[in-house]
Amino acid sequence: MIRFWLLFFALAWLGFWEPAEARRARFKPTPPKPKKSEAEQAIEKLAPGQNINIDQMSGKWYLLTVASRCKNLLESGFKVASTTATWTVTGDKVSVSTVRKLNFECWEIKQNYMRTKTPGQLFLKGKRPAENVDIMVLETDYSSYATVVFKRAGKMTMKLYGRSSEVPDNIVDKFEDRAKTFNLGLDVIFQYPDYGFCESTEKVLDLT
């Protein structure tokens with residue numbers, strides 16, 4: 001019994017004299033999460049424009065401007081190809097046919113966006129959850145321009161479309177000003193050419 005108490009007090013004494021650095025290391029509190037920037041908060045709060053009617057988005061759109069930190073765009077050195085997107089709304093589905101040049105060939109890329117319960121918001125399912133994309137129409141008059149956001153995993157790309165290959169300067173200025181609120185400045189804004197559009201396609205990539 002005496003041996004037991006001697007051992008107990010010896011262990012207690014050793015624990016008491018544990019170096020302060022070791023005690024602090026064991027009981028080190030979890031550091032607080034870094035505060036989100038204003039841009040990150042703005043992206044989280046993103047919502048489609050009020051009273052957006054997806055049915056009226058049907059038809060052909062010309063891609064005019066993109067604001068994005070997409071790695072592929074940044075590495076391309078601002079070399080972008082003229083692009084069109086045709087939306088066909090059928091029930092709960094929006095079939096999108098994107099036509100552009102890839103390696104000097106005209107490609108058609110087919111995708112299906114699904115409607116959601118939120119007016120003006122669509123959903124593109126990825127191969128895994130991290131690749132899912134929320135698509136929101138932020139602003140449009142349906143007849144001349146549309147600002148659309150593609151949001152995935154906390155990051156976003158903002159696109160300006162036109163019913164023709166040109167829109168008034170005030171629309172472009174408004175797009176660029178809004179992009180700045182998401183930390184997408186002029187250094188990551190890509191102007192797409194208004195010429196050289198594909199009249200027909202040679203290859204098809206079906207992602208539906």
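Here is a short walk through this predicted model, point by point.

1. **How far to trust it.** Let us begin with confidence. The structure is a prediction, and the protein chain has a mean pLDDT of 85, with 84% of its residues at 70 or more. Residues 2-18 are the part to read with care: the pLDDT there is below 50, and beyond near neighbours in sequence the stretch makes three contacts in the model.

2. **The overall layout.** How many helices and strands does the protein chain have? There are five helices and 10 strands. The chain has 208 residues, and 37% of them count as buried. Its exposed area is about 13900 Å², of which carbon and sulfur atoms supply 56%. Among contacts with a separation of 6 or more, 56% are between residues 24 or more positions apart.

3. **The largest nonpolar core.** Now look inside. In soluble globular proteins, nonpolar side chains tend to be buried together. Here the largest nonpolar core has 26 residues, and Trp87, Val94, Tyr113 and Ile135 are those with the most contacts inside it. The elements giving two or more residues to this core are strand 1 (59-67), strand 2 (83-90), strand 3 (93-102), strand 5 (121-124), strand 6 (133-140) and strand 7 (145-152). Apart from this core lies another one, of 21 residues, including Leu46, Tyr62, Phe182 and Ile189.

4. **Val94 as a viewpoint.** Try centring your viewer on Val94. Leaving out residues up to four places away in sequence, Val94 touches Ile54, Trp87, Thr88, Val89, Gln111, Asn112, Tyr113 and Leu122. Two of these names, Trp87 and Tyr113, also appear with Val94 among the residues that have the most contacts inside the largest core.

5. **Strand 8 and its partners.** Is strand 8 mostly covered or mostly open? Strand 8 (residues 155-162) is mostly covered, with six of its eight residues buried. Strand 8 pairs with strand 7 in the antiparallel sense over eight bridges, and Val149 has Met158 as its bridge partner in strand 8. Strand 8 also runs antiparallel to strand 1, with five bridges joining the two; there, Thr65 has Leu160 as its bridge partner. Strand 7 and strand 8 form a hairpin with two residues between them, and Ala153 in the turn has a positive phi of about 50 degrees.

6. **Ser68, a covered loop residue.** Where does Ser68 sit? Ser68 is in the loop between strand 1 and helix 4 (71-75). A loop residue can still be hidden: Ser68 counts as buried because its relative accessibility is 1%, under the 20% cut-off. Its contacts, leaving aside neighbours within four places in sequence, are Leu73, Met156, Thr157, Leu184, Val188 and Phe190. Ser68 and Phe150 are 82 residues apart in sequence, yet their C-alpha atoms are 9.8 Å apart in space.

7. **The disulfide.** Which cysteines form the disulfide? They are Cys106 and Cys198, with sulfur atoms 2.1 Å apart. The count for the model is one disulfide. The link is left-handed, with -85 degrees about the S-S bond. This pair joins distant parts of the chain: Cys106 is in strand 4 (residues 105-115), Cys198 is in the loop between strand 9 (189-191) and strand 10 (203-206), and they are 92 residues apart. Both ends are covered: Cys106 is buried at a relative accessible area of 10%, and Cys198 is buried at 15%. Cys70, by contrast, counts as partly exposed because its relative accessibility is 30%.

8. **Two backbone angles worth a look.** Most residues other than glycine have a negative phi. Phe104, however, has a positive phi near 70 degrees. Tyr142 also has a positive phi, of about 70 degrees, although it is not a glycine. Both are in loops: Phe104 lies between strand 3 and strand 4, and Tyr142 lies between strand 6 and strand 7. Are their side chains in buried or exposed residues? Phe104 counts as exposed because its relative accessibility is 85%, whereas Tyr142 counts as buried because its value is 18%.

Terms used:
Residues numbered from 1 in each chain as written. Predicted model: local features only at pLDDT ≥ 70, side-chain atom pairs only at ≥ 80, totals over all residues. Heavy atoms only, no water. Disulfide = S-S within 2.5 Å. Helix = DSSP H or I, 4+ residues; strand = E, 2+ residues; numbered from the N terminus. Buried < 20%, exposed > 50% of the residue type's maximum accessible area, 1.4 Å probe, protein only. pLDDT = per-residue confidence, 0-100. Contact = heavy atoms within 4.5 Å. Areas by Shrake-Rupley, 256 points an atom, 1.4 Å probe, with all protein chains shown as cover. Core = buried A, V, L, I, M, F, W, Y, C linked by side-chain atoms within 4.5 Å. Pairing = 2+ DSSP bridges.
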